[in-house]
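Okay, thanks for squeezing me in today. I've got one structure to walk through, so let me put it up on the screen.

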Amino acid sequence: MSNQKRRDFLKQAALLGSSVALLPSSAWTMIKDNKLRTAHIGVGGMGAEDLKAISSHPAVEVVALCDVDSNNLAAALKLHPGAKTYADYRKMLKEMSGSIDAVIVSTPDHTHAPASMMAMNMGKPVYCQKPLTHHVTEARAMRKLAADKNLVTQMGIQVHSFYDYKLATFLIRSGIIGKVKTVRAWSPKNWGFDGPEPQGSDAVPANLNWNLWLGTSAERPYKEGVYHPANWRKLLDYGCGTLGDMGVHIFDTPYNALELDVPKTIKNECRKPTGFGFPEHNIVTYSFPGTDYTTKRFKWVWYDGPGAPSMHKDLKLPNGEQLPDQGAMFIGEKGRLLLPHFMQLPKLIVKGAYKNMDAEIAKIEQAENLGAPIRDYDTEGKKHYHQFVDACMGKGACTAPFSYASRLTETILLGVIAGRFPNKTLHWDSANAKFAEAEANQYLDSKYREF
Ligand SMILES: NC(=O)c1ccc[n+]([C@@H]2O[C@H](COP(=O)([O-])OP(=O)(O)OC[C@H]3O[C@@H](n4cnc5c(N)ncnc54)[C@H](O)[C@@H]3O)[C@@H](O)[C@H]2O)c1
């Protein structure tokens, strides 16, 4: 070996040595062949987007596809003809555990934890769609398992990695509106349903494995158009209503920026529960312990459903302007910051007028290596997924790992549970993971069906 070659070799070995020490054990196989072999559970709907975004990373090789709907599976296979296909994720994970490096879970919410936990128990890094889980106990279990196994994880809140949300996070932390007293956030979307559980059953279409779709949830007859696809969101047994759908995205920036933990009290003003679908309108008020970025008492108010939000002086915009369709307003001691959802700059409001913050933005862009705003969803959207792939390959870290995502999800799920007790304030004992109101504790968990 020449001296130069020897020096290069020693330099490489030293670099490898220092990075390897930081890598989770599960990253070893990936580093070896410089490819990340991915398995995807749920490849229709958002799963198709997840597949597209993950596989756009040059290091990714899609080796396995799983879906309970054979039409969705066939469409995904066309794009990745070399992948093995499955209807049952348990079979896929067992058969392919030696040739999969990471797992992407994009199923309805009730299957997030069962599928992710199985993959993580096998030591696989997981990218799981939001909200992380359907139940609070599952969120805590996911967090613990990811930590115990030192796994790379990421929740599918892709806007977390978008320019405007990162900018808003740094602006809030810079104290631009002083300590934050309240955040009000809203979405007029409606994933509610006030009808009764439909009676009877329809023939299960040939392309759908209904037993596998139900998974760990209770046995229930199939009804056309009620559950699969997408409508499961409206129903208690499978989704988390509008709060779980949009709240988890829109609350992410305040939650992250203010370094909130889980709330102390939760109240949901909504209609009486039917036991089947979620309320069409929810006004959820949370109180949190104060943090470095909030006043001693901090309140978060969520409005959803047609016509949301109901007007409040905190939401009044300068010049009589209309509120953006969805978004969040931070109310601080020195002003307000409006964060529209999404791909729009936050706006600073002081004493009823917009205030220019170009200088503050320029400073943050430079200090935090933010880059410039990108208003193209495909380009921005990929960042969060590529961050996961890179982290699996030992490069950088995820910004929405399960340690973070589980707490955000727990907060969201507590608001969902409060919908079972309209207008009643529930008190959350985080240390013991239970409500002071014993009747609410039955909703923290659910019994898994053998399927
Ligand atoms: N991050 C985002 O912007 C975003 C947007 C939309 C949906 N989502 C999330 O993505 C997830 C899926 O939502 P969706 O709207 O695509 O639902 P969907 O019902 O339209 O699609 C779910 C897909 O998973 C498949 N599937 C269902 N159960 C399965 C199982 N047990 N094993 C394998 N495949 C299964 C379905 O056949 C379908 O292809 C949800 O958690 C939702 O919250 C996230």
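I'll go through the domains, then the two sheets, then the helix packing, and finish at the ligand.

Before anything else, keep in mind that this is a predicted model.

So, the overall layout. The chain is divided into domain 1, residues 15–159, and domain 2, which is 161–376 + 400–444. If you take the C-alpha centres of domain 1 and domain 2, they lie 25 Å apart. As for the contact, 33 residues come from domain 1 and 35 residues from domain 2. On the domain 1 side, α4 (70–79), α7 (136–148) and β6 (153–156) each give at least two residues. Which of them has the largest share of that side? That's α7, with eight residues. And if you're wondering about the chemistry, the side of domain 1 that touches domain 2 breaks down by class into 14 nonpolar, 13 polar and six charged residues.

Okay, sheets. Let me take the one with six strands to begin with. It's an open sheet, the order is β3-β2-β1-β4-β5-β6, and the pairing is parallel. At the edges you have β3 (84–86) and β6, each pairing on one side only. From one strand to the next, the twist averages 20°. If you want a specific pair to look at, try β5, residues 126–129, with β6: they run in the parallel sense and share four bridges. Gln129 is a handy place to click, and its bridge partner in β6 is Gly156. So β6 turns up twice in this talk: as an edge strand of this sheet, and as a contributor to the side of domain 1 that touches domain 2.

Now the other sheet. This one is also open, with 10 strands, and here the pairing is mixed. Reading across, the order is β14-β13-β12-β11-β7-β10-β9-β8-β15-β16. The edge strands are β14 (353–355) and β16 (434–435). Within it, β11 (residues 327–332) and β12 (residues 336–340) pair in the antiparallel sense, over five bridges. Zoom in there and you'll find Ala328 bridged to Leu339 of β12.

What packs on that sheet? One helix is α8, residues 163–173, which touches β7 (180–187), β11 and β12. Its direction makes about 170° with that of β12. Then there's α14, residues 402–418, lying across β8 (265–269), β9 (282–289), β10 (294–304) and β15 (426–429). The angle between α14 and β8 is about 50°.

Stay with α8 for a second, since α8 also packs against α12, residues 358–367. Their axes are 10 Å apart and the angle is about 110°, so α8 and α12 are roughly perpendicular to each other. Who makes the contact? From α8 it's Leu167, Phe170 and Leu171, and from α12 it's Glu360, Ile361 and Ile364. By class, that's five nonpolar, no polar and one charged.

Last stop, the ligand. It's surrounded by 29 residues, and the closest are Gly42, Gly44, Gly45, Met46 and Pro229. In terms of helices, α3 (46–55) and α9 (210–214) each supply at least two residues of the shell. By class, the shell has 11 nonpolar, 13 polar and five charged residues. And to tie it back to the beginning, domain 1 and domain 2 each put at least three residues into that shell.

That's my tour, happy to spin it around for anyone.

How values were computed: Residues numbered from 1 in each chain as written. Predicted model: local features only at pLDDT ≥ 70, side-chain atom pairs only at ≥ 80, totals over all residues. Pairing = 2+ DSSP bridges. Contact = placed C-beta atoms within 7 Å. Axes fitted to C-alpha atoms, helices over the stretch in contact; angles between N-to-C directions. Parallel < 35°, antiparallel > 145°, perpendicular 65-115°, else oblique. Nonpolar A, V, L, I, M, F, W, Y, C, P; charged D, E, K, R; others polar. Domains from an automatic or database assignment. Near = placed C-beta within 6 Å.
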